[in-house]
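I opened this entry to keep track of what I looked up, beginning with the charged side-chain pairs and then moving to the fold as a whole.

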Amino acid sequence: MENHVLVSKECLAEYKDGEIGYFIAPEIACGFPSPATDSLEVRLSITDFFTSNPTATFFGRAVGTSLEGIGISDGDILVIDRSLRPMSNDIIVMTYDGGFTAKKVFQNGKQVFLISENPNYPPLEVTDPDNLVVWGVVSKVIKDPRSGIKNRYGHIRKVI
């Protein structure tokens with residue numbers, strides 16, 4: 001299984017709720033903009049936007065390609081909520097057999113599988129449930145639109 005590196009709570013401790021704030025337009029048209037929203041601004045609380053339970057939420061950076069079939073790419077930031085109860089087809093962050101990773105969990109009756117969503121990595125049946133420790137459920141994924149400068153083969157794309 002591929003590893004996923006987490007951002008420690010200590011690294012995030014310097015950013016207290018209310019210290020990070022951005023002014024944003026309430027809607028950003030991806031077609032033709034509406035002239036009615038020219039002068040509107042709202043305050044965006046990063047905590048409110050990304051978390052439903054801030055005290056149970058932490059962030060991690062995805063490393064590897066095992067979840068790219070569902071749109072989670074190497075370098076994406078995972079928002080992980082420890083208060084959510086994992087359900088079948090959720091992406092969970094966990095340790096299994098000592099490795100820290102994120103996978104899609106699928107339950108079929110009493111069988112539990114960890115799915116990679118990449119054909120290069122076969123599903124893994126959880127044969128020892130006592131060895132599976134769920135850290136939380138991925139509730140959101142934060143993507144960097146510039147992270148795709150390299151194509152999937154590692155070559156730099158021509159930037160115009």
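I looked first at Asp76, which forms a salt bridge with Lys143, and I noted 2.5 Å between the closest N and O atoms. Since the model is a predicted one, I record this distance as a computed value. I then placed the two partners: Asp76 sits in the loop between strand E4 (57-61) and strand E5 (77-81), while Lys143 belongs to the segment after strand E10 (132-142), so the pair ties together parts that are 67 residues apart in sequence.

I also checked how far each partner is covered. Asp76 has a relative accessibility of 1% and therefore counts as buried, for which the cut-off is under 20%, whereas Lys143, at 45%, counts as partly exposed.

My next entry concerns Glu117, which forms a salt bridge with Lys104, the closest N and O atoms lying 3.2 Å apart. Here I found Glu117 in the loop between strand E8 (111-115) and strand E9 (124-125) and Lys104 in strand E7 (residues 99-108), the two being 13 residues apart. With a relative accessible area of 24%, Glu117 is partly exposed, and Lys104, with 17%, is buried. The count of salt bridges comes to two.

For the whole protein chain I listed two helices and ten strands, running from the N terminus as β-α-β-β-α-β-β-β-β-β-β-β. I noted that buried residues make up 26% of the 160 residues, and that the accessible surface comes to about 11200 Å², with 56% of it belonging to carbon and sulfur atoms. Finally, I looked up the contacts between residues at least 6 apart in sequence, of which 56% join residues at least 24 apart.

Notes: Residues are numbered from 1 along each chain as its sequence is written. This is a predicted model: local features need pLDDT of at least 70, side-chain atom pairs count only at pLDDT 80 or more; totals for chains, interfaces and linings use all residues. Side-chain values use heavy atoms; hydrogens and water are left out. Helices (H or I, at least four residues) and strands (E, at least two) are DSSP runs, numbered from the N terminus. Buried means under 20% relative accessible area, exposed over 50%, partly exposed in between (1.4 Å probe, protein chains only). Contact means heavy atoms within 4.5 Å. Accessible areas come from the Shrake-Rupley method with a 1.4 Å probe; for residues, only the protein chains shown count as cover. A salt bridge is a side-chain nitrogen of Lys or Arg within 4 Å of a carboxyl oxygen of Asp or Glu.
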